[in-house]
Amino acid sequence: MFVVAVPVKARYRVALGAPAWTDVLTGTAPVVAAAHGHGPMCSGVGKMVDFDLEPDRYMIQISGRDLANMPIMITRAP
C-alpha cells in the first residue's frame, strides 16, 4: 500500500508490471475504476487501471502478486 496526492481533477492510470488486483481508496471507501486493460505487447505493462480522481490524497492498494519487485507507475491518463 502507498499514498498518492492528486493535485488536479483528472483521470489517472495505475500501470503495473504484472497483472494484480488494484484498489484506490479515499478514506475507507473504494473508488470505482473507470477503465482497465493490458499494456501494449512487449511494453512490460501487465495491467492498467484508470480512475477519475478529485484533488485529494488516496491510498493505493495492490494485491494478488509477489510485489517485492513489481514496477508500478501512476500518471494522468491520455
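The following legends describe close-up views of strand β2 and of the largest cavity in a predicted model.

**View 1. Strand β2 within the structure.** Strand β2 spans residues 10–16. Because six of its seven residues are buried, that is, under 20% relative accessible area, the strand is largely enclosed by the rest of the structure.

**View 2. Pairing of β2 with β6.** Strand β6, which covers residues 47–53, runs antiparallel to β2 and is joined to β2 by seven bridges. One of the residue pairs in this view is formed by A10 of β2, whose bridge partner in β6 is L53.

**View 3. Pairing of β2 with β8.** Strand β8, made up of residues 72–76, is also antiparallel to β2, and five bridges join these two strands. Among the residues of β2 shown here is V14, for which the bridge partner in β8 is I74.

**View 4. The largest cavity and its lining.** The structure holds one cavity of 30 Å³ or more, and the space in the largest cavity amounts to about 40 Å³. Its lining is formed by V4, Y12, R13, V14, V24, F51, L53, I60 and I74, so that L53 and I74, the bridge partners of A10 and V14 respectively, appear again in this view.

**View 5. Origin and class of the lining residues.** Strands β2 and β6 each supply at least two residues of the lining of the largest cavity, and the largest share, three residues, comes from β2. By class, eight of the lining residues are nonpolar and one is charged, whereas no polar residue takes part.

Note on methods:
Residues are numbered from 1 along each chain as its sequence is written. This is a predicted model: local features need pLDDT of at least 70, side-chain atom pairs count only at pLDDT 80 or more; totals for chains, interfaces and linings use all residues. Side-chain values use heavy atoms; hydrogens and water are left out. Buried means under 20% relative accessible area, exposed over 50%, partly exposed in between (1.4 Å probe, protein chains only). Helices (H or I, at least four residues) and strands (E, at least two) are DSSP runs, numbered from the N terminus. Two strands pair if DSSP finds at least two bridges between them. On a 1 Å grid over the protein atoms alone, a cavity is a set of points where a 1.4 Å probe fits but cannot get out, and a pocket is an open set with protein on both sides within 12 Å along at least five of seven lines; lining residues have an atom within 4 Å of a point. Grid points are joined across faces, edges and corners, and a volume is the space filled by probe spheres set on the points. Ala, Val, Leu, Ile, Met, Phe, Trp, Tyr, Cys and Pro count as nonpolar, Asp, Glu, Lys and Arg as charged, and the others, Gly among them, as polar.
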